[in-house]
Amino acid sequence: MTISAGLEQLRRCHVAVDLGATRTRVYVKGTGLVVDQPSAAAVNTRTGALIAVGELAEQMTGRTPGYIRVVRPVSGGTVVDIEVGRRMLRALLGEKVRRALRRKPRLRAAVCVPHDADPLAMRAATETLLGLGARRVELVDTLIAAAVGCGLPVERAEATMILACGAASTQIAVLSLGAVVTADRVPVGGDAIDHAIVQHLRQRHELVLASQSVRPLHLALSGDGPAAGAAVAEIQGTDVTTGLPRLVRVDTAAVREAVRMPLTSVLDGIGRVLRDCPPDLVADLADQGVMLVGGSALLPGLDRTLHNATGMPVRIAERPDVCAVLGLGALLEGKVRPMVLDPLAG
Ligand SMILES: Nc1ncnc2c1ncn2[C@@H]1O[C@H](COP(=O)(O)OP(=O)(O)OP(=O)(O)O)[C@@H](O)[C@H]1O
Ligand SMILES: [Mg+2]
């Protein structure tokens with residue numbers, strides 16, 4: 001998939017969608033980002049009725065009576081439940097936006113899919129978007145959409161590396177001339193890091209951590225020497241055996257050590273991509289460096305850890321979590337110029 005293939009087609013689209021495993025984002029041409037909500041739907045299993053979507057459905061997770069189930073229709077970048085995916089998307093858009101879209105005589109939609117999406121995953125994304133009443137659905141490589149969204153010079157010949165840090169996985173790619181030159185996916189993302197932190201507290205401190213308490217501990221990761229950052233952090237959780245609330249003082253260096261394993265997989269992935277990359281492009285990367293996109297790019301200290309390990313400059317996109325959908329939006333609005341690839345011209 002390259003953007004040059006469909007630049008004209010994309011300009012004719014009215015709506016762009018990024019169906020992520022954790023969040024769904026929608027951009028409407030001429031309006032901007034209209035949806036950025038958890039990819040979740042609460043369904044009444046007795047009647048099949050949709051009870052809530054997005055933020056509200058996510059809050060219900062683990063708190064519902066037996067007959068209500070919170071469904072996550074997207075997993076690992078693929079729509080696994082097309083029917084719920086369609087209904088969730090319609091509900092997230094709301095009546096007002098849907099009415100405006102229905103007025104388009106031939107509604108066209110764009111959706112981004114992972115770089116390594118197979119035909120079935122592409123079909124599932126297309127089917128889901130057809131549920132909005134679209135006549136035609138254009139597919140765009142997420143990595144290219146994200147690169148456009150964070151202002152990388154995708155259409156030029158200099159190579160850039162992009163790391164899309166999602167919840168369940170990290171995609172690593174080198175881009176040049178509007179296309180992906182080499183790419184790899186590592187099954188480690190924000191969730192694996194959080195899991196490593198939770199496991200560490202359970203084993204070392206016999207503490208069960210509430211999911212919302214992981215974020216503050218991320219800050220402990222931001223230092224990378226024993227002297228950097230605070231040496232201890234106070235964390236509230238519940239005791240593994242008694243179930244009573246307990247406050248523990250956590251050694252932040254030990255937490256950093258616990259997340260080293262998952263981070264090593266990401267570094268290995270970067271190494272593999274660099275080895276597959278033509279030497280001229282590797283030379284570009286030393287100047288251009290790495291751009292971090294995706295929600296987990298916001299993990300404190302991730303940029304510094306990657307810089308220390310690779311020696312390359314590492315930047316975080318201005319809005320890493322939404323840059324794929326904003327990139328799709330820029331393509332819809334015609335803000336990306338077509339590439340000039342004719343070697344005889346000029
Ligand atoms: N401020 C933050 N600090 C640390 N982690 C964060 C922050 N904000 C989001 N995340 C993490 O980012 C991840 C979600 O990333 P993102 O929104 O890119 O996922 P997604 O697009 O839904 O998933 P995917 O593209 O992998 O299907 C989650 O693991 C979340 O915990
Ligand atoms: Mg995403």
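## Two unusual backbone angles

Welcome to this predicted model. A good place to start is Glu206, which sits in the loop between helix 6 (190-205) and strand 14 (207-208). Although Glu206 is not a glycine, its phi is positive, at about 50 degrees. Most residues other than glycine have a negative phi, so this spot is worth a look on the screen. Glu206 is partly exposed, because 15 other C-beta atoms lie within 10 Å, which falls between the limit of 12 or fewer for exposed and 20 or more for buried.

Leu177 is another residue to find. Its phi is near 50 degrees, again a positive value in a residue other than glycine. You will find Leu177 in the loop that links strand 12 (170-176) with strand 13 (179-186). Leu177 is partly exposed too, with 15 other C-beta atoms within 10 Å.

## The protein as a whole

Now step back to see the overall build. The protein contains 12 helices and 18 strands. Along its principal axes, the C-alpha trace spans about 65 × 60 × 30 Å. The radius of gyration is 22 Å, which agrees with the value near 20 Å that a compact globule of 346 residues would have.

How much of the protein is buried? Of the 346 residues, 43% are buried. Among contacts with a separation of 6 or more, 64% are between residues 24 or more positions apart.

## Three strands in a row

Next, follow the chain through strands 1, 2 and 3. Strand 1 (residues 15-19) and strand 2 run antiparallel and are joined by five bridges. They form a hairpin, with three residues between the two strands. Strand 2 also runs antiparallel to strand 3 (residues 32-38), and here six bridges make the connection. This pair is a hairpin as well, again with three residues between the strands, and Gly30 in the turn has a positive phi of about 85 degrees.

Thr24 is a handy residue for seeing how strand 2 pairs with both neighbours. Leu19 stands opposite Thr24, and in strand 3 the bridge partner of Thr24 is Gln37. Is strand 2 (residues 23-28) enclosed or open? Five of its six residues are buried, so strand 2 is largely enclosed by the rest of the structure.

## Residues annotated as a binding site

An unreviewed UniProt entry carries the annotation "binding site" for Ala167, Ala168, Ser169, Gly295, Ser296, Ala297 and Leu298. Such an annotation may be inferred rather than shown by experiment. Two of these residues, Gly295 and Ala297, are worth a visit.

Gly295 lies in the loop between strand 17 (290-293) and helix 11 (302-310). With 18 other C-beta atoms within 10 Å, Gly295 is partly exposed. Beyond its neighbours within four places in sequence, Gly295 is in contact with Thr22, Gly166, Ala167, Gly190, Pro320 and Asp321. Ala167 is also among the residues that carry the annotation.

Ala297 is found in the loop between strand 17 and helix 11. Is Ala297 buried or exposed? Ala297 counts as buried, because it has 25 C-beta neighbours inside 10 Å and the limit is 20 or more. Leaving out residues up to four places away in sequence, Ala297 touches Cys165, Leu292, Leu302, Ile316, Ala317 and Pro320. Pro320 also appears among the contacts of Gly295.

How values were computed: Residues are numbered from 1 along each chain as its sequence is written. Chains are lettered from A and ligands numbered from 1 in the order in which they are written. This is a predicted model: local features need pLDDT of at least 70, side-chain atom pairs count only at pLDDT 80 or more; totals for chains, interfaces and linings use all residues. Helices (H or I, at least four residues) and strands (E, at least two) are DSSP runs, numbered from the N terminus. Two residues are in contact if their C-beta atoms, placed from the backbone, lie within 7 Å. The radius of gyration is taken over C-alpha atoms; the globule rule is 2.2 Å times the number of residues to the power 0.38. Two strands pair if DSSP finds at least two bridges between them.
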